[in-house]
Amino acid sequence: MGSSASSPDQRPSLFSPYQMGRFRLSHRVVLAPMTRCRALNSIPQPANVEYYVQRATEGGFLITEGTMISPTAAGFPHVPGIYTQEQIDAWKRVVDAVHAKGSIIFCQLWHVGRASHPVYQPNGNVPISSTGKPISARWRILMPDGSHGIYPNPRRLATSEISEIVQHYRQAAINAIEAGFDGIEIHGAHGYLIDQFLKDGINDRSDAYGGALSNRIRFLIEVVRSVSAAIRPGRVAVRVSPAIDHLDAYDSDPAGLGRAVIEQLNAIQREAGERLAYLHVTQPRYTAYGQTESGRQGSEEEENRLMRTMRDAYEGTFMCSGGYTRELGVEAVATGAADLVSYGRLFISNPDLMVRFKEGASLNRYVRSTFYTQDPVVGYTDYPFLGQTQAQAQARAQAQARARL
């Protein structure tokens, strides 16, 4: 595990410092990766700079929204990429501004796999996946015009194609370091491409990447090894969600899947003689719609037991996320259930979330309808800081938008 500044007889706090490998954090409130759809034409904009800077604190830790590793990786409108020089240069402006405020920032590397649509794919192709099975009609995909569509049948990747996807992750990690990021997080959760290999409810392959659990985790481990070799393990993190059914990502044995992934990550760290930056695990209560889906997920007691088992098994910094409140985050750190806690929706509407948490101040309510719009101000940079009124925050945001133009 990482280390905190707490003495042996003093429990760590959500607001106490933490040594995350080479990175010294001043507190443990982390900005979770969240798709926001404000990177027009997949290129980070000045509004993206402002958004991340607003949420940066001295010694704080930010994780970017999911960032595409290749042109085939998109499943939402206007999400950023990290595979062209123009994207790299645009991200540099974000990173430099965040660093100027003293924060650390990782880029989350993302490929949605079958959670896409031909409208997002080069030449209108069908999306790729571990399988040829589509995501069920229970779920809908956000289309560029704001409507919601049906997920199409994906194309099953040939065994020979998988190494090319691994290379895309590797190059994206190299590009992120060129952009100045302190490290990267591999998105292996929430029903996206890597999770489509991990979960036996999706993966129906009969080659070396399907069937047995050791085969299903192969793709993730190959990505981790390749990326770690390129930029060093200490700059690499992994996010997984063994027990989450988002986008039909079911597994018959979530605990076994979690153990298998952790055993391999621990082995990589021992072989390298250097720990990964952290392991990021989402609490099963998370869903895209902000509430627990019924019927497929276990009790809170079972969920907590799984999270604790993973935390105890992993040899390094453990970050949790998924519906955490201030109180749950304080408890998680104080009891040793996690070293760091990442916050999503609460950080959207409270750019100064850590300060509000520390002071016990009230929180702004988020407006869900503005989560995935393209407006560079509304629902993005116009939430008030502590001591500001909504009107003052909106005036500030509008003035900053005019200045950008």
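Two strands pair if DSSP finds at least two bridges between them. Helices (H or I, at least four residues) and strands (E, at least two) are themselves DSSP runs, numbered from the N terminus. With that in place, let me turn to β12: it pairs with strand β13, residues 278–282, in the parallel sense over 4 bridges.

A word on the basis of this talk. This is a predicted model, in which local features need pLDDT of at least 70 and side-chain atom pairs count only at pLDDT 80 or more, while totals for chains, interfaces and linings use all residues. Residues are numbered from 1 along each chain as its sequence is written, and side-chain values use heavy atoms, with hydrogens and water left out.

I begin with the barrel. A closed barrel of 8 strands runs in the order β4-β5-β6-β11-β12-β13-β14-β15, with parallel pairing. From one strand to the next, the twist averages 25°.

Within it, β12 covers residues 236–240, and 5 of the 5 residues are buried, so the strand is largely enclosed by the rest of the structure. Buried here means under 20% relative accessible area, exposed means over 50%, and partly exposed lies in between, using a 1.4 Å probe and protein chains only. In a regular strand, side chains alternate between the two faces of the sheet. In β12, V236, V238 and V240 point one way and A237 and R239 the other. On one side, β11 and β12 run parallel and are joined by 5 bridges, with I184 having V236 as its bridge partner. Towards β13, V240 stands opposite V281.

Further along, strand β14 (residues 318–321) pairs with strand β15 (residues 340–343) in the parallel sense over 3 bridges. One bridge partner pair there is M319 and L340. Helix α9, residues 326–334, has G329, A332, V333 and A334 buried, and the buried residues of α9 pack against β14 and β15. Just after α9, G336 takes a positive phi of about 85°.

Next, two residues around α4. H190 lies in the loop between β11 (183–188) and α4 (193–198). Its relative accessible area is 5%, so H190 is buried. The side chains of H190 and T282 are joined by a polar contact of 2.9 Å; a polar contact is a pair of N or O atoms within 3.5 Å, where within protein one must be able to donate a hydrogen and the other to accept it, and residues adjacent in sequence count only if both atoms are side-chain atoms.

Where does Q196 lie? Q196 is in helix α4, and its relative accessible area is 0%, so Q196 is buried. The side chain of Q196 reaches the backbone oxygen of G191 at 2.8 Å. Leaving aside neighbours within four places in sequence, Q196 is in contact with residues including V112, R114, S129 and N203, contact meaning heavy atoms within 4.5 Å.

Finally, a helix pair. Helix α1 (residues 46–54) and helix α12 (residues 390–404) pack at an angle of about 140°, with their axes 10 Å apart. Axes are lines fitted to C-alpha atoms, for helices over the stretch in contact, and angles run from 0 to 180 degrees between N-to-C directions. At this interface, P46, A47, E50 and Q54 in α1 meet R396, Q400 and R404 in α12.
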